[in-house]
Amino acid sequence: PWVDVCGYPLSIFFIVVNEFCERFSYYGMRAVLVLYFRYFLKWDDDLATSIYHTFIALCYLTPILGAIVADSWLGKFKTIVYLSIVYTVGQVVMAVSAIHDITDTDRDGTPDNMTFHVAMSMVGLFLIALGTGGIKPCVAAFGGDQFEDHQEKQRSTFFSIFYLSINAGSLLSTVITPILRGQECGIHSQQKCYPLAFGVPAALMVVALIVFIMGSGMYNKTAPKGNIMLEVCKCIGFAIKNRFRHRSKTFPKREHWMDWAHEKYDKLLVAQVKMVLKVLFLYIPLPMFWTLFDQQGSRWTLQATTMDGNFTVNPILILALVPIMDSLVYPLIKKCHLNFTPLKRMTVGMLIAALAFVAAALLQLQIDVSIYSIYTHTYTPPPHIHIVYIHIHPPPTHTYSPCWAVYQGFTACFLFAVSDCVVKAHVGLFTRVLKHVFLLFPVYSFCSNSVSCVDYCVQCWQAIQVVEDIKPNTIHMGWQIPQYFLMTAGEVVFSVTGLEFSYSQAPSNMKSVLQAGWLFTVAVGNIIVLIVAEAAQLPDQWAEYILFASLLAVVCIVFAVMSYFYTYTDPAEIEAQFSQPEHEPEEKKRDRVEMERKDSDCSKSSKGSDKKKRDSVVEQHNQDVKQSKM
């Protein structure tokens with residue numbers, strides 16, 4: 001039964017709580033995902049980044065599947081429930097995959113069967129992507145279905161609260177889950193607690209599912225009415241096929257290539273598809289923005305691991321900048337009589353995002369200098385040492401064991417954590433900053449005899465006091481705030497405005513189509529990360545940041561040119577032109593007869609034509625006439 005509380009249906013309470021818990025679950029898991037790849041599965045930065053962005057791309061491809069299933073088969077409610085179960089199972093599998101004691105048979109703190117953990121995590125991520133993507137287009141729309149036609153104001157307020165719940169869940173989870181990861185847990189050995197960091201989001205997803213089901217009796221559940229996206233695709237496909245069939249110059253050109261669908265589809269539908277395609281064309285450059293934006297969770301997170309400190313700023317900035325932009329910045333620009341159209345805002349947002357990556361590149365240069373300074377102050381290797389491979393000797397019997405390196409007859413003495421004894425160094429600068437690197441010896445000692453040097457290392461191991469763990473570097477994470485501020489400002493100006501623009505330019509029954517198109521640009525943006533990162537193969541991270549910033553700047557110019565030629569439309573006004581009843585069947589019949597007559601004439605005049613071809617034309621004409629009557 002429908003229950004009213006203060007003018008709002010009580011059912012929306014369950015939907016908002018469900019969304020909060022689901023977003024907490026998703027962003028919480030995602031906040032530590034690349035660190036899990038890097039430090040638990042022992043993948044390098046490039047592989048961790050690639051798998052991370054593949055997962056994000058999949059999360060934004062599956063909404064199309066979810067929308068089709070909900071609109072054409074199960075309905076929104078059942079789609080949310082069934083895919084939430086899949087989602088929950090995926091989160092539980094991820095939590096289990098992070099338990100190192102499952103395969104740690106020798107109890108040394110390191111999994112002995114890493115294939116098991118990799119396979120479990122990949123299955124979990126696939127189920128999560130299917131679940132979170134599948135319910136993404138359904139939850140907000142299902143909430144909107146709970147309101148009556150006269151409750152437009154309440155519906156608008158609901159969407160504001162719904163958006164707030166998303167950001168609140170994101171904010172809390174990105175603060176809490178890294179703290180949970182920082183705890184140490186385990187049965188046989190204490191390690192970073194990834195099971196807890198993934199387990200809490202899994203528990204929140206269970207809560208989300210239970211809360212949503214609890215409100216089942218109060219929901220207004222609309223039956224599936226068919227998916228408009230499939231109808232749009234069929235209409236476009238018919239227009240292309242029909243245009244190709246009548247590509248001869250004997251057929252008169254039409255004002256728009258979609259006009260070739262008039263023989264089969266309603267004029268209103270064709271006009272609506274034209275409006276959608278007009279906006280989708282502007283979407284073509286947009287993936288590059290998401291290419292940069294989603295690297296906050298991969299490259300920027302890995303950058304932060306080489307710095308000192310700990311903080312979370314992006315969700316806080318979003319909550320602060322959205323009202324500042326709406327209440328202060330935009331009204332001020334309007335008072336200055338500047339025509340700051342939505343497309344101009346989006347262009348500015350892209351430029352700001354590019355500047356954020358320039359800031360990241362400048363910070364990376366300082367990080368590299370800081371790392372170099374730390375290691376050159378610790379020891380000074382001879383200039384001819386370019387690459388040194390570190391090996392354990394003797395076999396580890398303590399928490400930390402002496403390591404020695406051999407290169408062209410010279411042996412160097414180190415002390416490394418047991419799990420970190422395979423390292424590369426060049427001219428005093430380690431290519432990978434390790435968290436548990438200790439330098440035991442105050443002097444970088446060499447000897448030509450490896451055996452005697454090993455003995456020396458063992459003697460030093462017994463005699464010299466262990467020095468303090470060297471920090472990754474002295475630069476604090478707070479220096480990342482400028483790049484996060486710029487990226488968040490770009491997101492607010494670009495993303496919020498883009499959604500508003502898309503909604504205003506979309507026909508009344510095709511807003512979901514543009515929503516799917518918008519989410520698709522996010523998926524493509526993450527795929528671009530994989531392509532560019534693999535193709536570029538730049539040796540320095542700062543250079544990769546500059547490359548992405550340059551690409552976005554170029555794309556921004558292209559988008560500005562496309563925006564200049566865009567003409568804003570009023571979908572309601574265009575749709576009203578087709579509201580008057582017309583004799584559509586007769587018009588369609590005249591078009592078909594004229595088309596078939598020209599087809600027949602063309603067939604007669606062409607070389608090699610025969611009676612079979614003429615019979616085929618007549619037969620096709622008869623079939624079309626029968627179809628039009630039906």
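**Figure 1. Contacts around His-100 in the predicted model.** This view of a predicted model centres on His-100, in the loop between helix 4 and helix 5. Leaving aside neighbours within four places in sequence, His-100 is in contact with Phe-40, Gly-109, Pro-111, His-117, Cys-185, Gly-186, Ser-189 and Gln-191. Is His-100 buried or exposed? His-100 has a relative accessible area of 4%, so this residue counts as buried. Its side chain also joins that of Asp-101 in a polar contact of 3.5 Å.

**Figure 2. Asp-104, in the loop between helix 4 and helix 5.** Asp-104 is buried, at 3% relative accessibility. Not counting residues up to four places away in sequence, Asp-104 touches Gly-109, Thr-110, Asp-112, His-188 and Ser-189. Ser-189 is also on the contact list of His-100. What does the side chain of Asp-104 reach at 3.1 Å? The partner is the backbone nitrogen of Arg-107. Met-114 sits 10 residues from Asp-104 in sequence, and their C-alpha atoms are 9.7 Å apart in space.

**Figure 3. A salt bridge between Lys-76 and Asp-145.** The closest N and O atoms of this pair are 3.3 Å apart. Lys-76 belongs to helix 4 (residues 76–97), while Asp-145 is in the loop between helix 5 (114–144) and helix 6 (152–182), so the bridge ties together parts 69 residues apart in sequence. Lys-76 is buried, with a relative accessible area of 17%. That value falls under the 20% limit for a buried residue.

**Figure 4. A salt bridge between Asp-259 and Lys-274.** The two side chains meet at 2.6 Å, N to O. Asp-259 lies in the loop between helix 8 (228–245) and helix 9 (267–282), and Lys-274 lies in helix 9, so the pair links parts that are 15 residues apart in sequence. Which of the two partners is buried, and which is partly exposed? Asp-259 is buried, at 8% relative accessible area. Lys-274 counts as partly exposed, at 25%.

**Figure 5. Other salt bridges.** The structure holds 8 salt bridges. One of them joins the side chains of Arg-23 and Glu-22, at 2.7 Å from N to O. Both of these residues are buried. Elsewhere, Asp-46, Arg-299 and Glu-544 form one network through salt bridges that share partners.

**Figure 6. The bend in helix 5.** Where does helix 5 bend by about 40 degrees? The bend is at Lys-136. A proline, Pro-137, follows within four residues. Helix 5 has 31 residues, which should span 45 Å at 1.5 Å a residue. The C-alpha atoms at its ends are 45 Å apart, so the expected span and the model agree.

**Figure 7. The largest nonpolar core.** This core has 123 residues. Leu-33, Tyr-36, Phe-37, Phe-55 and Phe-198 have the most contacts inside it. Which helix gives the most to this core? Helix 13 (residues 342–378) does, with 10 residues. A separate core has 6 residues, among them Ala-304, Met-307, Ile-475 and Met-477.

**Figure 8. Contacts of Phe-55.** Phe-55 is one of the residues with the most contacts inside the largest nonpolar core. With neighbours within four places in sequence left aside, Phe-55 is in contact with Tyr-26, Met-29, Leu-33, Leu-125, Ile-128 and Ala-129. Leu-33 is another of the residues with the most contacts inside that core.

**Figure 9. Lys-42, in the loop between helix 2 (33–40) and helix 3 (45–74).** The phi angle of Lys-42 is near 65 degrees. This is a positive value in a residue other than glycine.

**Figure 10. Ile-316 in helix 12 (residues 314–335).** Ile-316 has a relative accessible area of 44%, so this residue counts as partly exposed. How many residues lie between Ile-316 and Ser-170 along the chain, counted as their separation? They are 146 residues apart, yet their C-alpha atoms are separated by 9.5 Å.

**Figure 11. The whole chain.** The chain has 20 helices and 10 strands. Of its 630 residues, 48% count as buried. Among contacts between residues at least 6 apart in sequence, 79% join residues at least 24 apart.

Terms used:
Residues are numbered from 1 along each chain as its sequence is written. This is a predicted model: local features need pLDDT of at least 70, side-chain atom pairs count only at pLDDT 80 or more; totals for chains, interfaces and linings use all residues. Side-chain values use heavy atoms; hydrogens and water are left out. A salt bridge is a side-chain nitrogen of Lys or Arg within 4 Å of a carboxyl oxygen of Asp or Glu. Buried means under 20% relative accessible area, exposed over 50%, partly exposed in between (1.4 Å probe, protein chains only). Helices (H or I, at least four residues) and strands (E, at least two) are DSSP runs, numbered from the N terminus. The expected span of a helix is 1.5 Å times one less than its number of residues. The bend at a residue is the angle between axes fitted to the seven residues ending there and the seven starting there. A nonpolar core is a set of buried Ala, Val, Leu, Ile, Met, Phe, Trp, Tyr and Cys residues joined through side-chain atoms within 4.5 Å. Contact means heavy atoms within 4.5 Å. A polar contact is a pair of N or O atoms within 3.5 Å; within protein, one must be able to donate a hydrogen and the other to accept it, and residues adjacent in sequence count only if both atoms are side-chain atoms.
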